[in-house]
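Dear colleague,

Please find the structure below, handed over for your records. My findings follow it.

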Amino acid sequence: MKLDIPFQFEADTVEITTKKMDFAAFCRLYQDRERFLPYCRECPNYGTVWSCPLLPFDTGEYFRPYEKILVFCARITLDPAVIERADTPELVKKTGYEIVIRVKKRLEDYLRELEARFPQSRSLSSGGCNRCCRCARAKGESCRKPDVMRYSLDAFGFDLTAITKDLFGYDIEWCRDRLPAHFTLIHALLLPAAVSSRFAFYK
């Protein structure tokens, strides 16, 4: 199902598509902590950002209340002129980051609005939290914005490449020596049985 969310910016357009499925089946198909969490350990943010591993709780208990998952795919199409202007490694990195972050924050804000409407639901984001310039965890302090910070799907060992391909039919494109034609972000909303029936219009 495509959502009519006004995600459009000067440099890109964004299409949001959703899929709903049983959360237990989603975990069986796409969660592989032993395979994917070692990649997190290679990241310089490992252990320094609250949204990312090591997570300070039992993930099985965290997921226990949820029956369904509503997966959101944000497909960002970049303006060809923007791709051409990013003609150095520094500009590729900077431009790509700016495009992804503004869409990511908009989608996080939208999912928190859904949380407010359905109080027992909980959203998951893509990648590490970017709401503070430097996460308080690096200093051994509590999260400064727990009402805003959301854990990433990556932090639980989900295979985002397979999710993107299987559920939405897209291959993830990566930044290398130039910007790709598209960026793809995967977010989610976890739904307990008490509210999952209210999302029956999602396919």
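The notes below cover the basis of the model, the overall fold, the nonpolar cores and one loop residue.

This is a predicted model, in which local features need pLDDT of at least 70, side-chain atom pairs count only at pLDDT 80 or more, and totals for chains, interfaces and linings use all residues. Residues are numbered from 1 along each chain as its sequence is written, and side-chain values use heavy atoms, with hydrogens and water left out.

The protein chain contains seven helices and six strands (DSSP runs, H or I of at least four residues for helices and E of at least two for strands, numbered from the N terminus). Their order along the sequence is β-β-β-α-α-α-β-α-α-β-α-β-α. Of the 203 residues, 50% count as buried (under 20% relative accessible area; exposed is over 50% and partly exposed in between, with a 1.4 Å probe and protein chains only).

The largest nonpolar core (buried Ala, Val, Leu, Ile, Met, Phe, Trp, Tyr and Cys residues joined through side-chain atoms within 4.5 Å) has 33 residues, of which F23, F26, F158 and I163 touch the most other members. Among the elements that each supply at least two residues of this core are α1 (23-30) and β6 (182-192). A second, separate core of 25 residues includes A74, V82, F118 and L185.

S142 lies in the loop between β5 (122-124) and α6 and is exposed, at 60% relative accessible area. Beyond its neighbours within four places in sequence, S142 is in contact (heavy atoms within 4.5 Å) with W50 and A136.

Yours sincerely
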